[in-house]
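Dear colleague,

I am passing on the structure we spoke about, together with some notes on what turned up when I went through it. Please have it open beside this message as you read.

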Amino acid sequence: MSKYSDKPLCGPFAVSVIADKEVEDVLDAFRSEFSKTAAWKGRSTLSQCIKILKNYGCSGKRIRPAGWHDYTFGSLRNWVNNHARPRGTYLVRVGGHILAVREHRVYDQTQVDEVEQHWAYRKRVSHVFEMA
């Protein structure tokens, strides 16, 4: 279990994985960029994560579902197994939770694992950003 598992900082944790930065440094970047106080616990939005990633020089391209009638990508397991590139890195939102997916492994502050073993494998993917 991660030392960050009891805090709502899924976004900053995902940013730290993608940008290859320490979580504490990313938290400081969020505090500075968005005027967060020392009491801030880490809750963030997807757009805030994208902005911090851009500040770190990581660009992302939003990936949309294949058909006009598709509103989501299906489950996290379905998306990773059928759509993610084997060497790709992604910022992914499932419900109200933000994850990093790198080389088909799922990273969040509570667990880093293959998609089939990750607790969110059945959660519906709503947003995907492919990182360059």
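A residue to begin with is Glu130, which is buried at a relative accessible area of 17%. Please keep in mind throughout that this is a predicted model. The side chain of Glu130 meets that of Arg85 in a salt bridge, with 2.6 Å from N to O. Because Arg85 lies in the loop between α4 (76-82) and β2 while Glu130 lies in strand β6 (residues 125-131), the pair ties together parts that are 45 residues apart in sequence. Arg85, for its part, is partly exposed, its relative accessible area being 46%.

The structure holds four salt bridges in total, and two others deserve a description. Glu33 and Lys51 are joined through their side chains at 3.3 Å, N to O; since Glu33 belongs to helix α2 and Lys51 to helix α3 (residues 46-55), this pair ties together parts that are 18 residues apart in sequence. Both partners are partly exposed, Glu33 at 33% relative accessibility and Lys51 at 37%. The salt bridge between Asp28 and Arg31, whose closest N and O atoms are 3.3 Å apart, lies within helix α2, where the two residues are three positions apart and therefore separated by about one helical turn. Asp28 is partly exposed at 44% relative accessibility, and Arg31 is likewise partly exposed, at 23%.

Helix α2 also contains Leu27, which counts as buried at 5% relative accessibility. The C-alpha atoms of Leu27 and Trp40 are separated by 9.3 Å, the two residues being 13 apart along the chain. Elsewhere, Val92 sits in strand β2 (residues 89-94) and is buried, with a relative accessibility of 0%.

On the surface, Asp20, Glu22, Glu24 and Asp25 form a negative patch. Of these, Glu22 is found in the loop between α1 (10-19) and α2 (23-33), and it is exposed, with a relative accessible area of 58%.

You may also wonder about the cysteines: how many disulfides does the structure hold? There are zero. The sulfur of Cys10 has its closest cysteine sulfur in Cys49, at 7.2 Å, which is too far for a bond, and Cys58 is in no disulfide either, the nearest cysteine sulfur, again that of Cys49, being 12 Å away. Cys10 is buried, at 11% relative accessibility, and Cys58 is buried too, with a relative accessible area of 13%.

With best wishes

Conventions
Residues numbered from 1 in each chain as written. Predicted model: local features only at pLDDT ≥ 70, side-chain atom pairs only at ≥ 80, totals over all residues. Heavy atoms only, no water. Patch = residues over 30% accessible without salt bridge, like charges linked within 9 Å, V, L, I, M, F, W, Y side chains within 5 Å. Areas by Shrake-Rupley, 256 points an atom, 1.4 Å probe, with all protein chains shown as cover. Lys, Arg positive; Asp, Glu negative; His and termini not counted. Charge placed at Lys NZ, Arg CZ, Asp CG, Glu CD. Helix = DSSP H or I, 4+ residues; strand = E, 2+ residues; numbered from the N terminus. Buried < 20%, exposed > 50% of the residue type's maximum accessible area, 1.4 Å probe, protein only. Disulfide = S-S within 2.5 Å.
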